Amino acid sequence: MAYGDIYKELTVEEKEKMIKADIPKFRSTGKANLSKEKLEQGKKDLFRLMKEFDNDLKDEEE
């Protein structure tokens, strides 16, 4: 069963309610105490992944 099939027979209100309940809440669990270099590398990696996933989505649409 595909993930989207779960919501197939539900009303719009029921879908929204389930989707909201399915989204985990962000909670900080502590401090990472990363160096400035590690933070910069993490930022670069994040932007690289964002770009990569954006390109993947564009390729799927074509």
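User: Which residues make the nonpolar surface patch in this model?

Analyst: In this predicted model, Leu46, Phe47 and Met50 together make a nonpolar surface patch of about 320 Å². Phe47, one of these three residues, has its place in helix α2.

User: Is Phe47 buried, partly exposed or exposed, and how should I read that?

Analyst: A residue counts as buried under 20% relative accessible area and as exposed over 50%, with partly exposed in between. Phe47 has a relative accessibility of 49%, so this residue counts as partly exposed.

User: What does the chain as a whole look like in terms of helices, strands and buried residues?

Analyst: The chain has two helices and zero strands, and buried residues make up 2% of its 62 residues. The area that the chain exposes comes to about 6600 Å², and carbon and sulfur atoms supply 56% of that area.

User: How many salt bridges does the structure hold, and which side chains meet there?

Analyst: The general idea is that a side-chain nitrogen of Lys or Arg must lie within 4 Å of a carboxyl oxygen of Asp or Glu. The structure holds one salt bridge, in which the side chains of Glu52 and Arg48 meet at 3.6 Å, taken from N to O.

User: Where do Glu52 and Arg48 sit relative to each other along the helix?

Analyst: Both belong to helix α2, which spans residues 36–61, and because they are four residues apart, about one helical turn separates them. As for their exposure, Glu52 counts as partly exposed at 38% relative accessibility, and Arg48 is also partly exposed, with a relative accessible area of 46%.

User: What does Lys15 touch, leaving aside residues up to four places away in sequence?

Analyst: With those sequence neighbours not counted, Lys15 touches Tyr7 and Leu10. Lys15 itself lies in helix α1, which covers residues 12–22, and its relative accessibility of 29% makes it count as partly exposed.

User: What is the phi of Asn33, and how should I read its sign?

Analyst: The general idea is that most residues other than glycine have a negative phi. Asn33 has a positive phi of about 55°, although it is not a glycine. This residue lies in the loop between α1 and α2, and at 69% relative accessibility Asn33 counts as exposed.

Key
Residues are numbered from 1 along each chain as its sequence is written. This is a predicted model: local features need pLDDT of at least 70, side-chain atom pairs count only at pLDDT 80 or more; totals for chains, interfaces and linings use all residues. Side-chain values use heavy atoms; hydrogens and water are left out. Buried means under 20% relative accessible area, exposed over 50%, partly exposed in between (1.4 Å probe, protein chains only). Accessible areas come from the Shrake-Rupley method with a 1.4 Å probe; for residues, only the protein chains shown count as cover. Patches are made of residues with over 30% relative accessible area and no salt bridge: like charges are joined within 9 Å, nonpolar side chains (Val, Leu, Ile, Met, Phe, Trp, Tyr) within 5 Å. Contact means heavy atoms within 4.5 Å.
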